[in-house]
Amino acid sequence: MEQQNSNSSLLSEIEELRIQLEEAHDTINAIRTGQVDALVVKDESGHQLFTLKTADQTYRVFIEKMSEGAVTINHNGIILYCNTRFASMAATSLEKTIGQPLESFVPEASKAKLEQIIHSSWKEECRDELLLKDGAGKDMHCLFSCNAIELDHGPALSIIITDLTVLKDTERQLQVRNTELVAAHAATEKLNDSLEATVRERTHDLVISREHFRLLTNNIDQMTWTNLPTGEFISYNQRWFDYTGLTLDDDHEVKWEMLVHPDDLADTLNQYNHSLQTGDLFEVENRYKRHDGVYRWHLNRSKPLKNDAGDIIFWVGTATDIEEQKKEMERKDEFIGIASHELKTPLTSLKGYVQLIAAYKKEELPPVVKQYITKATVSINKLQSLINDLLDVSKIKAGRLQYAIGEVDIANLVNICVENAYHAHPNFKFNVELQPGFTVSGNQERLEQVLMNLINNAVKYSPTNREVNIAAVQQSDKVRVAVTDFGIGLSADQKSKIFERFYRVEDKQNMTSGLGMGLYISQEIVKNHNGAIGVESEPGKGSTFYFVLPLV
């Protein structure tokens with residue numbers, strides 16, 4: 001019986017508590033939605049009535065929609081009102097917030113500071129940063145803005161709580177960036193100091209280098225100059241001013257052309273412009289007028305200075321006085337011409353006597369004599385060929401290399417030369433690639449001389465591979481005749497000199513005879529036929545010598 005009474009009593013108490021909870025919940029909702037303008041709070045002194053002076057629907061909705069937390073507390077720090085945002089920041093419900101001490105929502109380390117702020121805020125508006133518990137074990141940085149307000153029952157404290165989490169994260173990121181910036185600034189200053197030191201050092205080195213260059217160029221016998229890729233001249237050495245008599249105030253662009261001999265000007269300008277356009281070495285012989293009006297021969301050479309990207313920065317050129325060398329060459333050419341003529345007559349007589357001995361029929365000559373006669377004939381023919389080359393050179397230098405011009409059939413020319421080559425070099429194989437119908441204007445004998453020279457050179461410089469290819473093909477309105485061997489080949493330096501007078505290819509494993517005039521003479525003959533001659537070669541892979549002539 002007593003147990004039944006106890007159960008009934010508990011049920012009654014539970015029901016009463018449920019009713020009170022519902023009433024409290026309804027009261028809170030009524031406050032939130034603006035259905036009431038006042039609330040009653042019981043404390044140690046009894047029940048107290050709190051009424052907001054400007055409480056209306058609009059104000060309450062505004063407070064509820066704020067992104068900041070809003071709290072109203074009394075003198076005891078009890079929360080009289082808070083909006084939903086504050087409950088969310090504290091990670092709790094409104095029911096567990098209103099009526100609780102505000103200090104219960106801050107960590108222990110911030111309670112003293114909160115008490116100080118609240119104490120000061122009753123006298124004047126205050127704001128400061130505090131930590132707020134977020135219910136997840138982490139503290140939230142917040143800005144507490146406190147201001148005293150007057151309610152119906154008496155004063156209260158209104159607190160606006162702003163979440164500073166994003167701001168603090170931004171500050172931390174800014175601090176990190178600022179630290180990085182400071183480090184970068186320090187590194188930049190260090191780099192800048194290093195660069196300035198390097199610039200000073202390089203500038204000093206450049207000044208010294210420039211002075212050394214100026215000292216060097218002003219104390220050499222050659223005239224020197226520098227020019228831009230556009231062709232504009234930018235400097236000359238002292239030797240140039242001493243030789244020409246010009247000064248720094250003169251217009252050197254115009255004066256330069258006036259100083260070149262009229263007969264040499266066109267070729268000089270063509271070579272100069274070609275080098276500017278292609279970047280190739282500028283090399284030409286011409287005559288410059290001295291300050292006293294005398295022209296002297298000079299050898300001009302200019303090479304481009306390039307940067308790491310391969311772009312031309314400027315050109316450096318020299319002009320070397322070769323007047324004495326020219327005179328020496330003229331004297332040598334004169335001697336060669338005289339000596340060749342003087343040798344030709346007795347050599348012709350000697351060849352005639354040897355032929356008479358070989359044709360002697362009255363009695364049989366001993367075999368050894370016949371052998372000597374054969375060897376003598378071969379030597380005489382070689383000597384006669386050399387004398388003929390020397391005579392051709394002297395005629396070329398004197399401008400007297402003249403011959404009859406007529407129509408020449410290239411197929412017939414090639415066939416004749418190949419037939420002669422078989423007789424002269426029976427151990428070699430000559431492959432011919434020939435297209436018939438090519439006719440050029442020229443001299444048959446001189447063009448045979450050119451082609452035989454190319455074939456003989458191919459044989460001479462092919463010690464192991466005894467095969468030579470000869471081809472004649474059409475190129476636009478020209479015909480290209482080429483002789484290809486598979487011999488020792490030529491280096492780049494050798495190719496640049498191969499057509500010079502008296503130049504011979506030196507090869508320790510393949511010693512050959514000759515004066516080095518064959519290709520020089522061939523080049524002059526081809527030029528006189530309005531053609532061009534050239535070579536394509538690589539060391540160890542053979543060479544292709546060719547000449548190109550205009551078709552009739």
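Select strand 14 and strand 16: the two pair in the parallel sense over 6 bridges. This is a predicted model. Now pick Leu-434. Its bridge partner in strand 16 is Ala-472.

**The sheet around this pair**

Widen the selection to the whole sheet. The sheet is open, has 5 strands and runs in the order 14-16-17-19-18. The pairing is mixed. Strands of a sheet pair through backbone hydrogen bonds, either parallel or antiparallel.

Which strands stand at the edges? Select residues 429-434 for strand 14 and residues 532-537 for strand 18. Each of these two has a single partner strand, so one side of each is left without a neighbour in the sheet. From one strand to the next, the twist averages 15°.

Add residues 410-424, which are helix 11. Helix 11 packs on the sheet and touches strand 14, strand 16 and strand 17. Compare directions: helix 11 makes about 175° with strand 14.

**A stop between two strands**

Stay with the sheet strands and go to Ser-476. This residue sits in the loop between strand 16 (467-475) and strand 17 (478-484). Check its backbone: phi of Ser-476 is near 60°, a positive value in a residue other than glycine. Is Ser-476 buried or exposed? Ser-476 counts as exposed because its relative accessibility is 64%, and the cut-off for exposed is over 50%.

**A stop between two helices**

Jump to Ala-91. Look for it in the loop between helix 3 (84-89) and helix 4 (108-121). Ala-91 is not a glycine, yet its phi is positive, at about 55°. Its relative accessibility is 46%, so Ala-91 counts as partly exposed.

**A patch at the surface**

Next, select Leu-10, Leu-11 and Ile-14. Together they form a nonpolar patch on the surface. Their joint accessible area is about 310 Å². Centre the view on Leu-11, which lies in helix 1, residues 2-33. Leu-11 is exposed, with a relative accessible area of 59%.

**Zoom out**

Show the full chain. How many helices and strands does the chain have? There are 14 helices and 19 strands. Colour by burial: of the 552 residues in the chain, 35% are buried. Switch to the surface. The accessible surface of the chain comes to about 33,700 Å². Carbon and sulfur atoms hold 52% of that area. End with a contact map. Take the contacts with a separation of 6 or more: 54% of them join residues 24 or more positions apart.

Methods. Residues are numbered from 1 along each chain as its sequence is written. This is a predicted model: local features need pLDDT of at least 70, side-chain atom pairs count only at pLDDT 80 or more; totals for chains, interfaces and linings use all residues. Side-chain values use heavy atoms; hydrogens and water are left out. Patches are made of residues with over 30% relative accessible area and no salt bridge: like charges are joined within 9 Å, nonpolar side chains (Val, Leu, Ile, Met, Phe, Trp, Tyr) within 5 Å. Accessible areas come from the Shrake-Rupley method with a 1.4 Å probe; for residues, only the protein chains shown count as cover. A salt bridge is a side-chain nitrogen of Lys or Arg within 4 Å of a carboxyl oxygen of Asp or Glu. Helices (H or I, at least four residues) and strands (E, at least two) are DSSP runs, numbered from the N terminus. Buried means under 20% relative accessible area, exposed over 50%, partly exposed in between (1.4 Å probe, protein chains only). Two strands pair if DSSP finds at least two bridges between them. Axes are lines fitted to C-alpha atoms, for helices over the stretch in contact, and angles run from 0 to 180 degrees between N-to-C directions. Contact means heavy atoms within 4.5 Å.
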